[in-house]
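Here is my note on the structure, as numbered points. Please keep the coordinates open while you read.

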Amino acid sequence: MPERSEIVIVGAGPAGIRAAQTLVAAGLHPIVLDENPRWGGQIYRQPPASAGFTRTKQTLYGFEAAKADAIHSTMAALLPQVDYRPETLVWACDPQRLHTMHGGREKPVPFTHLIIASGATDRVLPLPGWTLPGVYTLGGAQVALKAQGCAIGERVVFAGTGPLLYLVAYQYAKAGANVAAVLDTNRFVSQARATPRLLNQPATLAKGLYYVGWLRAHGVRIEHGVSLEGIDGTAGVRAIRWQRDGREHTLECSAVGLGFGLRPETQLADLAGCRFVFDDLNRCWLPERDAAGRSSQPGIYLAGDGAGIAGADAAELAGRRAALALLEDLEIAAPTMPGVPDAAVIEGKLASIRRFREGIEQAFALPKDPSAHWPDDMLVCRCEEVDARTLRDCVRHDGVTEINRLKALTRVGMGRCQGRMCGEAACHLLAEASGQTLVQVGRLRAQAPIKPIPIAPMLFDENVAAIPEEARDE
């Protein structure tokens, strides 16, 4: 092994923890950077370590309680052998150096080898009223329940599509929240047709069917095949409107959880210089990787949902496989771990999960041409207040056909979220307005910082030249 190898793992969810476990078993001591205050990632997010939070893991994670406990226990056992840094935001990447923010201070973290296990975020498609107070992503609604012990409203509607739609609705109803309805943009017959592929993971399919059955048995209204028309309100959410079979419906509510599946967090891989390719299954641009998780950049590995949505079980496998690839590249023998599959078995299991994922995408497909009916005055980029008319005019009058050119002319995706919320919507609108495909309009290139950071710590950081006192007064 080369001297002074510095191995860094970004993310302490299922992928990052299993990668760390494999490296520690081989005698290495990686740095683990975690944006959250406690390990587990989004799927196994832990509540705050306070005496006042008393919900059990069985209550928080349901069927996944045992898996959550295994992940949490594994990382707890690893703590003496890893450099774990919670509440640390990785906001940029240079060659062999990460830029992080922790405790209001900027700190560079050098690396020779990097495993990116950055996870996923909600796929957001806007609709009129989506910027009202009381509209949350499904992931945001889940964080409120798991980490804060509260619901997003007194009467909640969950709308969009994807397995997370039913899981979060189930978690809310199980916790005693008033779930008024679940509105799925996909028809039940489409989901039924996907069953043969979904049978690749029968236990996962059974859990999904249980969530739906439980919701129906407890009086939660479930509507399939809807077209979401808008969310009404002034100072907050008052109602949600949708159409089905040519008829318009309105349902009063105080909050909406909105989501259309998940989207990989790929910004860090982009800044690290990884090559990207359009993935038809995920319907987005993903960093290239081989079956072992190696990216196009030597020494950089990709694992978990940040490299392609496949779920928590696949993330654990991919994290372990990426760590094995790293060990192989360092010419370190793979550790013997009782009950743990080897590289070949892991790759076979990941291939099976991908077939299941094909069924998920068939059952919960995105709405076709989602931007076609967006009104001109609807905000697409809330950070920069760019509406649909501005984007369409840029296509009509300036002949824009590429997403980064659209960004340069309109500032869409230049705000605090750096396109994480609006980027995909802008791509859909550009494709529809210019008569192109998502592949043809290209991908929104990442820029640092990939998430909002405060400016003051950067100005007064010990690594930055001191600012004259008279300039500070200004």
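1. Start with one residue pair. Thr100 stands opposite Lys107 in β6. The model is predicted, so every remark here concerns computed coordinates. The strands behind this pair are β5, residues 97-102, and β6, which pair in the antiparallel sense over 6 bridges. Together β5 and β6 make a hairpin with 2 residues between them. Gly103 sits in that turn and has a positive phi of about 60°.

2. Now the sheet around that hairpin. It is an open sheet of 3 strands, ordered β4-β5-β6, and the pairing is antiparallel. Which strands are at the edges? They are β4 (88-94) and β6 (105-110), and each pairs on one side only. From one strand to the next, the twist averages 25°.

3. There is another open sheet to check. Its 3 strands run in the order β13-β14-β15, again with antiparallel pairing. β13 and β15 each have a single partner strand, so one side of each is left without a neighbour in the sheet. Here the twist averages 20° from one strand to the next.

4. Take the β13 and β14 pairing in detail. β13 covers residues 227-233 and β14 covers residues 237-244; they pair over 6 bridges in the antiparallel sense. The hairpin they form has 3 residues between the strands. For register, use Ile231, whose bridge partner in β14 is Ile240.

5. Ile240 also helps with the next strand. Its bridge partner in β15 is Leu251. Trp242 has His249 as its bridge partner in β15. β15 spans residues 247-252, and its antiparallel pairing with β14 extends over 6 bridges. The hairpin of β14 and β15 has 2 residues between the strands. In this hairpin Asp245 takes a positive phi near 55°.

6. Next, the packing. The largest nonpolar core has 42 residues. Which of them touch the most other members? Leu23, Val32, Met75 and Ile115 do. Elements that each supply at least two residues of this core are β1 (7-10), α1 (14-25), α2 (57-61), α3 (65-78), α10 (312-329) and α11 (343-363). α10 gives the most, with 11 residues.

7. Met75 deserves a closer look. Leaving aside residues up to four places away in sequence, Met75 touches Ile17, Val32, Trp39, Val82 and Tyr84. Val32 is itself among the residues that touch the most other members of the largest core. A second, separate core has 31 residues, including Phe158, Ala169, Leu198 and Ile360.

8. Helix α8 passes a simple length check. It holds 16 residues, 202-217, and at 1.5 Å a residue these should span 22 Å. The end C-alpha atoms are 22 Å apart, so the expected and modelled spans agree. After α8 comes Gly219, whose phi is positive, near 80°.

9. Which residues of α8 are buried? They are Leu205, Lys207, Tyr211, Trp214 and Leu215. Note that Lys207 is in this list. What covers these buried residues includes α3, α5 (163-174), β11 (179-184), α7 (195-198), β12 (221-223) and α11. α3 and α11 also each supply at least two residues of the largest nonpolar core.

10. Last, the cysteines. How many disulfides does the model contain? With sulfur atoms required to lie within 2.5 Å, the count comes to 0 disulfides. Cys253 is in no disulfide, and its nearest cysteine sulfur, that of Cys150, is 17 Å away. Cys253 is buried, with a relative accessible area of 6%.

11. Cys422 is the pair to inspect on screen. Its nearest cysteine sulfur is that of Cys381, 3.9 Å away. The cut-off is 2.5 Å, so a pair at that separation is not counted as a disulfide. Cys422 counts as buried, at 2% relative accessibility.

Conventions:
Residues are numbered from 1 along each chain as its sequence is written. This is a predicted model: local features need pLDDT of at least 70, side-chain atom pairs count only at pLDDT 80 or more; totals for chains, interfaces and linings use all residues. Side-chain values use heavy atoms; hydrogens and water are left out. Buried means under 20% relative accessible area, exposed over 50%, partly exposed in between (1.4 Å probe, protein chains only). Two strands pair if DSSP finds at least two bridges between them. Helices (H or I, at least four residues) and strands (E, at least two) are DSSP runs, numbered from the N terminus. Axes are lines fitted to C-alpha atoms, for helices over the stretch in contact, and angles run from 0 to 180 degrees between N-to-C directions. A nonpolar core is a set of buried Ala, Val, Leu, Ile, Met, Phe, Trp, Tyr and Cys residues joined through side-chain atoms within 4.5 Å. Contact means heavy atoms within 4.5 Å. The expected span of a helix is 1.5 Å times one less than its number of residues.
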